[in-house]
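Thanks for coming. I have one structure to go through today, so please look at the sequence and the model on the screen while I talk.

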Amino acid sequence: RLQPGVAISILRDCLAALSNLHRAGLVHGDIKPANIMLTRQGIAKLIDIGSAVDLRARTVRHVWSPAYAAPEILQGGVSTPRTDLASLGYVLVEMLSGQQLAPPQPSYPDLLRGKLELENRLPDLLPPEVASSELLLNLCQRLVATDPAHRFPSAQAAELGEDGAAAFHRE
């Protein structure tokens, strides 16, 4: 489990990287802890963009890791920048809670059900000092919202918006 300040710093670095990818018309497509590396200086870097989806291409392939895929991807939907935000939200919740959200080898129905219920389970899943922070709880809920329309509209908004990650550091 990471302290909130450390987790939010990692989140902000990842959101900045996603913002650049999304502006270029790409969706990372496989955000998970193994694809986030920390430099010796403590800066987070997104790696392995071999799964990236070009939003301008006619055919869109999905190679998401199921444990970190947004529910709409698991249900056969298309990749969008908001699917990256959901995946990064799952990573954030794991950093803050200190536990994996999906059990090893989950069944597809259990995995999907867990994603669909996560937004409402966050207050019980997160440690009390995190769950009691309205700003942190709202940030997590807006990243992992079941309905993509309820997520932040962009990685930049999730980082720099008035209720985004930067607001936590300002607080």
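**Helix H1 and what follows**

Helix H1, residues 4–23, has 20 residues and spans 28 Å from its first C-alpha to its last, close to the 28 Å expected at 1.5 Å a residue. The expected span here is 1.5 Å times one less than the number of residues in the helix. Helices (H or I, at least four residues) and strands (E, at least two) are DSSP runs, numbered from the N terminus.

A word on the source: this is a predicted model, where local features need pLDDT of at least 70 and side-chain atom pairs count only at pLDDT 80 or more, while totals for chains, interfaces and linings use all residues. Residues are numbered from 1 along each chain as its sequence is written, and side-chain values use heavy atoms, with hydrogens and water left out.

Back to H1. Its buried residues include Ala7, Ile8, Ile10, Leu11, Cys14, Leu15 and Leu18. Pro4, Ser19, Leu21 and His22 are also among them. Buried means under 20% relative accessible area, exposed means over 50%, and partly exposed is in between, with a 1.4 Å probe and protein chains only. After H1 comes glycine 25, with a positive phi near 85°.

**The largest pocket**

Rolling a probe the size of a water molecule over the atoms shows where empty space is left. The search uses a 1 Å grid over the protein atoms alone: a cavity is a set of points where a 1.4 Å probe fits but cannot get out, while a pocket is an open set with protein on both sides within 12 Å along at least five of seven lines. Lining residues have an atom within 4 Å of a point.

The largest pocket has a volume of about 150 Å³. That volume is the space filled by probe spheres set on the grid points, which are joined across faces, edges and corners. Which residues line the largest pocket? They are Leu2, Ile10, Pro33, Ile36, Leu38, Val91, Glu94 and Met95. Strand S2 (36–38) and helix H3 (81–97) are the elements that give two or more residues to this lining. H3 has the largest share, three residues. Ile10 is also one of the buried residues of H1.

By class, the lining has seven nonpolar residues, no polar ones and one charged. Ala, Val, Leu, Ile, Met, Phe, Trp, Tyr, Cys and Pro count as nonpolar, Asp, Glu, Lys and Arg as charged, and the others, Gly among them, as polar.

S2 also holds methionine 37. Methionine 37 counts as partly exposed because its relative accessibility is 42%. Its C-alpha is 17 Å from that of glycine 5, and the two residues are 32 apart along the chain.

**Two positive phi values**

Most residues other than glycine have a negative phi. Aspartate 48 is not a glycine, yet its phi is positive, about 55°. Aspartate 48 is in the loop between strand S3 (44–46) and strand S4 (53–54), and is partly exposed, with a relative accessible area of 42%.

Glutamine 105 also has a positive phi, near 55°. Its loop runs between H3 and helix H4 (108–125). Is glutamine 105 buried or exposed? At a relative accessible area of 78%, glutamine 105 is exposed.

**Further along the chain**

Glutamate 117 is in helix H4 and is partly exposed, at 38% relative accessible area. Valine 130, in helix H5 (residues 128–131), is buried, with a relative accessible area of 0%.

The charged end of arginine 142 sits over the ring of phenylalanine 152, 4.0 Å from the ring centre. The test is that NZ of Lys or CZ of Arg is within 6 Å of the ring centre and within 35 degrees of the ring normal.

Last, aspartate 163 is in the loop between helix H7 (155–160) and helix H8 (165–170). Aspartate 163 is partly exposed, at 22% relative accessibility. Between the C-alpha atoms of aspartate 163 and methionine 95 there are 19 Å, with their positions 68 residues apart in sequence.
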